[in-house]
Every structure is written in C-alpha cells, then in structure tokens.
Amino acid sequence: MTRDGLVEVNEAQQTAERISRREQDADFQKTPEQQAAQDAAVQLNPLSSGTSPPHAPGLAMKPDTGTAEQVFEHIDGRHTRKAAKKAARKAQQEATARTKSSRLQFTDEERATPELETYIKKFDKAADRLDAAKAAIPKKKTLAAERTFDEATGRGKTRLHFEEKEKPMPGKPAKNPLSRPAQEAGIFVHNKIHSVEKDNSGVEGAHKSEEAAERLGKYTTRKIKQGYRSHKLKPYRAAAKAEKAAANANVNFQYHKALTNNPQLASNPVSRLWQKQQIKRQYAKAARAGGAKGIRGAAENVRRTAKKTAEKTRQTAAFVARHPAGVIIAIAALLLFIMVFAGLSSCSSMFSGTLNGVLGTSYTSEDSDLVAVENAYVSKENELQSRIDNIERDYPGYDEYRYDLAAIGHNPHELASYLTALLQTYTPESAQAELNRVFDKQYTLTITETVEIRYRTETSTDEDGNTTTEEVPYEYYILNVKLTNKPISSLAPELLTPEQLEMFRVYLETSGNKPLIFGGGSPDGTPSEDLSGVDFVNGTRPGNTAVVDIAKAQVGNVGGYPYWSWYGFNSRVEWCACFVSWCYNQMGKSEPRFAACQSQGIPWFQSHGQWGDRSYPNIAPGDAIFFDWDLDGSADHVGIVIGTDGSRVYTVEGNSGDACKVKSYSLDYACIKGYGLMNWN
C-alpha cells in the first residue's frame, strides 16, 4: 500500500503495478505543467522519480497509463469549480447593482439638451434620496443555501452563506388576549364602587382620583406605544415618500423628453394630457415589473407611442381639411342624437339624481347609533363640568380661585357630520376612539397656581405700652382655572382629508337630512298664536310669570341669535334648548343649562327629581315642555310653559320654524313627552 493506493509488486520480474481504483493524488504544490511532466517521466521510468515501493526497494513499477489523464481531469475540474463560483458571485453582485435603484442612465445627448437639463437634475436628486432612504431601512442577515454543480464530475454541492436582506415592515402589534377580561373586571369593580360612592364623599373623592390616575396611565402607555411604532416605521415611510418622488421625477423627465422629440404635441392640449397619462401608466407597469431596464423599455414604448400619436393627429387634421362638410354633418348628427336621448331619459335622470342627492347628503348610520354616540359625547362633557364644579373641593387651601371658562357644549350635527365624513357608518363602539380624540382637541382645561406677595397691617404693643403698626408681607395663593373650547367645525380641517372635509360641510349644511334627530326644534311654519281671550287656570305649584314675560318678549326672533351665541356656539345650531336655557339664565338660574333635549335636558330634570310625564296634571308657568315628534322615545324639541286653560297648554318656543313663537297643544297631545318642573324657591 502506497500513498497512491494499492500496488502489486512482482519481485521475480522486478515490476510493480498499481491496482487500486482510488483516484491518484496529485501534487497541487506544483504547477499543472510540472505535475504532468513528472507523471510522464514516471510512466517512462518509474525509478527516475526517486521513489520506490515501500517494501520492495529498487523494484521498477509497471507504468500507470491513466495517471496523467486523471491528474489533468482533476486540475480541470478544480479550475471549473473555481470559475463557476467566481461567475456566480459576479452575477449576484451585478444583480444587486441592477436592483439597487431604478435610476435611469442618461446619454450624453440627453444631458446636453437644455430643455431636459432641469428634469435630469431633479431625477438624479430624487434617485439619490431614494437610494439613501432604502439604505436606511433596517437590514438583517439570513442564512441561504447555494447549489452548485461540477461539470467535470457531474456532482452537486450545497454551500451555506449569509445574505443581507431588508427587514419587513412591522405589522400591527399583537393584542393581549387578557386585556379584554381585565377591562371587564375593571368596569365591574368601578360600577360596584359607583353604586355606593354617593353615600361617602371620601370614597367618591378617592375613586375619582383613582379613575383619573388610570386614565393618565392608559393615555401615557398608548402614547408611548404609538411613539415607538412611529419610530420603527419612520425609515419605511421615508422610503415610500422617496420612491413616490422618484416616480414623479421620472414621469416628468419622460414627458418633457417626449415633447422635445415631438414638438407638434406641444400645441395640442389634448395630446399633451393623453401623453402624460400614457407615461404614468407605462411607468407604473415597469415599476411593478422591477428594475431600471424595464423603466427604460417603458420610456422607449412611450416615445414610440408619442410618434404614432403625432402621426395620427396630422392624418386627422388632413382628413378634416379634405372633407369639411362631411365632418360638420357628422358632428350635427351626433349632437342631435345626444339631445334626443337626453330628452327621453330626463325624467328618470331627474328622479335618479334627486334620490342620489338625498342619499349622498344623509347620515348613513342608524338613528339609534347617532343618538347613542351623541349621548356618549355629552356624558364626557358632563364629567368635565363636574370636574370644574369640584375644583375647590379637589384643590383646597387656596386664598382665591380665578375662573376663565368657556361654555361647555357642542353642535350635535357638527359631531355627527364629522364622524360620518370620517367613518361613514359608525356605532358607539367603532366611534369611541374618535370621540376621545375629538374631545381632547376640543376642550383644554388648564389649572395653574400663582403666588402673589401681598401686605397686611399688623399692630403690636411693646412692654412699655407703645403701639406699633407695620405692613407685613405674606404669600397669597391663587388657583387659575382656564377652559378653552374649540368648535368641531374649526377642528375638521386639520383632522380630515380634503375630500372628507367637503363631505363634512355637505352633511353639516343639510343636517344629514335629519334636522330633528338631536332635538333640533319644530318644523312648524305656522305663525305665532294670539293669547287674547285665553283664561289661564292656575295650579297649586308656584310658577314664575317673569320668565314667561321674558320668553314672550323674544317672539318674532328669527335665526336664534343671540341664544346659541350666548351658549358658546360660533355659528347657528338647532337652538330651541339654547333659547330655554337663555331665558332661565336671565332669571339668575345657572341651571338647567342644556343644548340638547334628550341627552342633556331630560337627564338633568330626572336626576334632580323634577320630572313629570305627559299626563302630569300640575304644570306651572315657567316649566319646560318636551316634545317627541316622531314618537320614537327621543325628545326632539323643548319650550317654556305659559299656562293652561284646562284643556290646552300654551307655550313659548324657540326654533319653531326657525323663529320664536307662541303655540298651544291639547293636554293629551301624543307628541308631548313630558315636563321639566322648575323649582323657583
């Protein structure tokens, strides 16, 4: 056995023959030519190599005729594998260079064209930004397998290597499956505390503080998560923005190049418009295919299309010049056909257009959902009012409390129009997040502390009985409470897209074709009634005729100003509730104060034990009367009771046909929902 394999030695004949089937090792420290020469010499004279079989020194070996060929095949296979690996690496580098960017390669002629110089610079700048943005996207190394084949031996080989790839864009964070049960448990606990906190002011204060801390913690956690996710998505947003800018720069270059190569298009606005649209479509198709080569092919297709368009334009102009009379007759016939067809379909078009106009300007949510969302927003306003009312309890020990408070209230139709423009159809659950966002932007409550140095006069008497008076400084603590209220209509431009903003304005102008859904007033257009000859029957409850006189003095007002303005609205709203609140305020009553009937007015009277149903017999002048026009259980309108003659009730109402009027109804009128009983003591 030798290094080259098994060798058979014949000592009698002084010969040696290699009988191993194993491929003979070559000396790869020598060049292929040196190794081949040595193998040939060994074949001619086995002893000339200076080596001999290990157990038969001096014996001559039988020539191995296949050794040289095997050596050369081995060398060729090694070179082939090395060349294949080098070619694969080069191909991969070229592919990476080709896919790195969709940058176009401009010719010297294009760069020398003055008309294209500006657009080439803009494209290069946009492409540089795109490359930089893509390079900033986070990368990760992944293990990849590369399969290669040896052509000489026909064997396959797998090689593992690391490839650098872009990290995919982070998806939405996974929801915690325990969050919903935890939330339900928290709601249950809070409801239990709410049921008993009214009996103990200490428990109520502690619970309010706990709820405020929970809201602050949830808000902080949500903002941290949003900020972290926004930070993670920043490079992807920058890459998308840069890619869009590069696409626009590419389209502009191709468009102006087409105009440069085809000057006849510049005089035809229709051709220019069509040409640019074609370039955009070609670019989008090439971008989906990928690579700069596809984009250059699209540009070439666009240039060919532009030439064809110009040729067709010239042919059309020549045809019109040769046959002017025929063209005029054809156009006249087409116009006549259009007029006849339009006349036949005018009725159906009018009906369809009217129907589409009504549907397109109506609130798309269910009425119950519209009212429920409005009530939820009013509840948040009531919580804010309660917080302000308890400022001196929650912040005790100050020498003075200074208030600068805007009115708390909103236009229900502004909220519904905003949500419909943004969400289309919504429910209380789907609109909750947006309600919180709008509320936080509409109301801003600021509480600050101010310390002033003031002086007070102090008198002291010494041991001799002398009295001394001096001014002694002391700290005077002031708590400043400021509330600002931005109308929803002023927030809409920053929260909605231009298309959504246009929809918002249409919904607001038409009130969603449901003007009375939030207690918007009365559609009654009849004139105010005459009270002469009416004999009022006084009940046992004391009323207030002074507020009735104030209300009757407003009869004839149209549009509701100054009632809605006094309440805090910057523009007209459905103002019947504002009118009633204004009249009570003129009598020195800060409450009740409400702008919506069902969600604010009725709950106030019921929570204070001052509510009577529609059959209540002892109404008095100055009470509030609520109406439910469509009998759906929700109040639509409110007025002030003047009195009753035993069979009818007489009222003063704001926003009755957009005016202040005196009206009367039978006491058993089905649309009377109930009465808010005022306490004037």
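Colleague: Which of the 36 residues in the largest nonpolar core touch the most other members?

Modeller: Those are Cys578, Phe579, Tyr584, Phe626 and Val638. Please keep in mind that this is a predicted model. As for where the core comes from, α17, α18, α19, α20, β9, β10 and β11 each supply at least two of its residues. With eight residues, α19 gives the most.

Colleague: Is that the whole story, or is there another core?

Modeller: There is a second, separate core of 30 residues, and Tyr363, Val438, Leu496 and Phe504 are among them. The background idea is a familiar one: in soluble globular proteins, nonpolar side chains tend to be buried together.

Colleague: Back to α19, then. What makes you call this helix largely enclosed?

Modeller: The count decides it: nine of the eleven residues in 576-586 are buried, so the rest of the structure largely encloses the helix. The nine are Cys576, Ala577, Cys578, Phe579, Val580, Ser581, Trp582, Cys583 and Tyr584.

Colleague: What covers those buried residues of α19?

Modeller: The cover includes the helices α17 (545-552), α18 (563-567) and α20 (597-607), along with the strands β9 (624-627), β10 (637-644) and β11 (648-653). For a close-up, take Tyr584: beyond its neighbours within four places in sequence, its contacts are Val547, Lys589, Pro592, Gly622, Asp623, Ala624, Ile640, Met678 and Trp680. After the helix comes Gly588, with a positive phi near 85°.

Colleague: Asp623 is on that list. Why is its pairing with Arg541 called a salt bridge?

Modeller: The N to O distance between the two side chains is 2.8 Å, and the cut-off is 4 Å, so the pair qualifies. Asp623 sits in the loop between β8 (611-613) and β9, and Arg541 in the loop between α16 (498-510) and α17, so the bridge ties together parts that are 82 residues apart in sequence.

Colleague: Are those two partners buried or exposed?

Modeller: Asp623 counts as buried at 0% relative accessibility. Arg541, at 18%, counts as buried too, because the limit for that word is under 20%.

Colleague: What makes Glu574 buried while Arg572 is called partly exposed?

Modeller: Glu574 has a relative accessible area of 17%, whereas Arg572 has 34%. Buried stops at 20% and exposed begins over 50%, so the two words follow from those limits. The side chains of Arg572 and Glu574 meet in a salt bridge with an N to O distance of 3.7 Å, which is within the 4 Å cut-off.

Colleague: How many salt bridges does the rule give, and which residues form a network?

Modeller: The count comes to 13. Glu400, Arg402, Glu452 and Arg454 are linked in a network. Within it, the closest N and O atoms of Arg402 and Glu400 are 3.0 Å apart. Arg402 counts as partly exposed at 33%, and Glu400 as partly exposed at 23%.

Colleague: Why is Tyr426 called buried?

Modeller: Its relative accessible area is 2%, and the limit is under 20%. Tyr426 lies in the loop between α13 (412-423) and α14 (432-442). Ser365 is 61 residues away along the chain, yet the C-alpha atoms of Tyr426 and Ser365 are separated by 5.8 Å. Tyr426 also touches Asp369, Leu370, Val373 and Leu419, among others.

Colleague: How many cavities turn up, and what lines the largest?

Modeller: The search finds five of 30 Å³ or more, and the largest has a volume of about 100 Å³. Its lining has 13 residues, with Glu414, Pro487, Gly568, Phe569 and Asn570 nearest the centre. By class, the lining holds four nonpolar residues, eight polar and one charged.

How values were computed. Residues numbered from 1 in each chain as written. Predicted model: local features only at pLDDT ≥ 70, side-chain atom pairs only at ≥ 80, totals over all residues. Heavy atoms only, no water. 1 Å grid on protein atoms, 1.4 Å probe; cavity = no way out; pocket = protein on both sides within 12 Å on 5 of 7 lines; lining within 4 Å. Points joined across faces, edges and corners; volume = space filled by probe spheres on them. Nonpolar A, V, L, I, M, F, W, Y, C, P; charged D, E, K, R; others polar. Buried < 20%, exposed > 50% of the residue type's maximum accessible area, 1.4 Å probe, protein only. Helix = DSSP H or I, 4+ residues; strand = E, 2+ residues; numbered from the N terminus. Contact = heavy atoms within 4.5 Å. Core = buried A, V, L, I, M, F, W, Y, C linked by side-chain atoms within 4.5 Å.
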